[in-house]
Amino acid sequence: MCGIIGMVAHGPVNQAIYDGLTVLQHRGQDAAGIMTWDENRLFLRKRNGLVRDVFRTEHMIQLRGHIGIGHVRYPTAGCSSNAEAQPFYVNSPYGISLAHNGNLTNAETLKQELFQEDLRHINTDSDSEILLNVLAHELARPGKMHIDEEDIFSAVASVHRRCSGGYAAVAMINGYGMLAFRDPHGIRPVCFGERETGDGTEYLVASESVAMDTLGFRLVRELEPGEAVFVTLDGQLHTRQCAETPEHCPCLFEYVYLARPDSIIDDVSVYKARLRMGEYLARKIERDWPDHDIDVIIPVPDTSRTAALEMAQHLGVKYREGFMKNRYIGRTFIMPGQKQRKKSVRQKLNPVGLEFQGKNVLLVDDSIVRGTTCDQIIQMARDEGARKVYFASAAPPVRYPNVYGIDMPTARELIAYNRSEEEIGQLIGADGLVYQDLDDLMAAVRHGNHRLQRFDASCFNGAYVTGDVTEAYLDTLEQARNDAAKASVTEVADSLVDLESEPE
């Protein structure tokens with residue numbers, strides 16, 4: 001889960017890309033970066049930290065040009081050092097920079113191919129650098145001094161043939177323009193928009209449509225699975241389907257948690273989808289627990305508010321804000337270590353005691369991943385005098401790791417792994433636990449776009465849509481993703497960060 005953005009304009013793009021990254025900050029709080037191009041020179045600023053902390057006035061002044069790309073990152077199978085911050089850059093051919101959201105499931109095979117056959121060196125553990133080098137190699141195949149959109153789309157088609165997994169990427173090709181493309185399953189989101197100025201049309205590519213709204217662009221549409229969009233430096237738009245057998249399987253977890261509620265993803269309003277999640281969950285309670293004794297419904301802020309409000313309205317139960325959130329603490333789900341996640345919960349949420357005293361409370365969250373924060377939140381409710389504490393999840397049990405760009409824990413670290421719902425409820429200390437049914441979750445999203453027939457629901461059902469995820473791959477991923485491994489890799493990488501050669 002990262003955020004990408006790219007822009008071709010008739011004036012400086014630095015401020016617009018910065019503003020766009022701030023509204024995509026929820027997609028990654030680990031690092032941020034912007035690269036621009038002007039008069040045959042690249043200008044780059046990237047570092048660990050939030051957008052507001054990475055970019056100062058002196059950096060913004062240096063980011064010159066009418067074309068640029070940006071990225072906010074959170075780490076997946078890689079580490080979280082400065083060395084992994086994006087965009088990445090290769091100088092051959094032509095000079096190409098790239099920002100990527102997703103995860104390549106055949107990254108190790110590609111890395112070997114790049115070294116042994118393509119004679120390219122990969123300097124980090126990031127699969128984004130691998131994706132960039134595959135694109136660069138395919139663009140170099142014609143051996144031409146000058147390329148056109150046909151060469152570019154042919155290169156993207158080759159990327160699709162070589163790369164597997166979930167990926168949405170935006171790239172700059174020096175002297176040519178901006179390229180964006182999406183994997184043949186459309187797992188990770190990316191859209192593009194346009195706005196008219198006195199000098200002509202400007203184009204924007206972003207992970208979510210909220211960036212279009214903020215920057216005054218009209219959302220044109222989401223990129224189709226396997227599609228590529230290329231915008232020349234003078235603002236000419238070209239699009240092409242580059243995949244041989246595209247099949248639309250967007251990630252369900254985007255609608256549950258990752259995306260902002262004011263975004264439109266694949267023609268589905270995230271906000272409306274979450275309302276429907278609450279409605280379906282309420283129907284389940286009515287069906288399976290008609291004599292419930294719930295006095296009040298309280299969301300675990302922020303993502304679950306929409307679903308909780310609809311649940312309360314449908315059930316005829318009071319809705320109350322029982323937790324006040326500290327806005328200056330990051331999203332717990334994407335914090336890099338388990339100790340940090342545990343420490344952050346009580347710093348992030350403070351209970352409003354009067355809403356709990358003597359009441360049977362139903363707490364609603366978007367999902368339950370590890371379950372450790374649920375445990376603490378339920379205990380907080382009891383400490384404030386709740387008589388009974390029930391818990392509801394707007395998503396089904398998360399039983400499997402996600403391999404397409406969401407940093408979910410390894411299978412053994414998931415609380416639902418090899419456990420029944422009753423066992424999970426006991427572990428988190430709830431008096432009762434209600435999970436969304438997977439079919440209902442799909443229906444809640446599909447209601448907004450009936451053309452969506454299949455989803456990536458792998459973290460719920462273990463069905464990996466790319467068809468190449470084996471037990472051996474999952475075992476390898478587990479070694480890279482567990483908290484101890486991440487801490488070790490990050491420590492080593494940070495000790496080497498001074499070797500980076502980055503323009504300031």
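Below are legends for a few close-up views of this predicted model. Residues are numbered from 1 along each chain as its sequence is written, and side-chain values use heavy atoms, leaving out hydrogens and water. Local features need pLDDT of at least 70 and side-chain atom pairs count only at pLDDT 80 or more, while totals for chains, interfaces and linings use all residues.

**View 1. The largest nonpolar core, with 43 residues.** A nonpolar core here is a set of buried Ala, Val, Leu, Ile, Met, Phe, Trp, Tyr and Cys residues joined through side-chain atoms within 4.5 Å. Buried means under 20% relative accessible area, exposed over 50%, and partly exposed in between (1.4 Å probe, protein chains only). Those with the most contacts inside this core are Leu252, Phe253, Tyr255, Met277, Val403, Val445 and Phe460. Two or more residues each come from helices H8 (252–258), H9 (270–288), H14 (438–446), H15 (458–461) and H16 (471–481). H8 gives the largest share, six residues. Helices (H or I, at least four residues) and strands (E, at least two) are DSSP runs, numbered from the N terminus.

**View 2. Tyr255 and what it touches.** Not counting residues up to four places away in sequence, Tyr255 is in contact with Ile265, Asp266, Val268, Val270, Ala273, Arg274, Met277, Val445 and Leu452. Contact means heavy atoms within 4.5 Å. Apart from the largest core lies another one, of 34 residues, with Ile96, Leu104, Phe181 and Phe230 among them.

**View 3. Phe181, a residue of strand E8 (residues 177–182).** With a relative accessible area of 0%, Phe181 is buried. Leaving aside neighbours within four places in sequence, its contacts include Leu98, Leu131, Leu135, Val156, Tyr167, Leu223 and Glu227.

**View 4. Helix H4 (residues 107–116) against helix H5 (residues 127–140).** Their axes come within 10 Å and cross at roughly 50 degrees; axes are lines fitted to C-alpha atoms, for helices over the stretch in contact, with angles from 0 to 180 degrees between N-to-C directions. H4 and H5 are therefore oblique to each other, that is, neither under 35 degrees (roughly parallel), over 145 (roughly antiparallel) nor 65 to 115 (roughly perpendicular). On the H4 side the contact is made by Ala107, Leu110, Lys111 and Leu114, and on the H5 side by Asp127, Ile130, Asn133 and Val134.

**View 5. Gln116, in helix H4.** Gln116 counts as exposed, at 58% relative accessibility. Gly11 is 105 residues away along the chain, and the C-alpha atoms of the two are separated by 42 Å.
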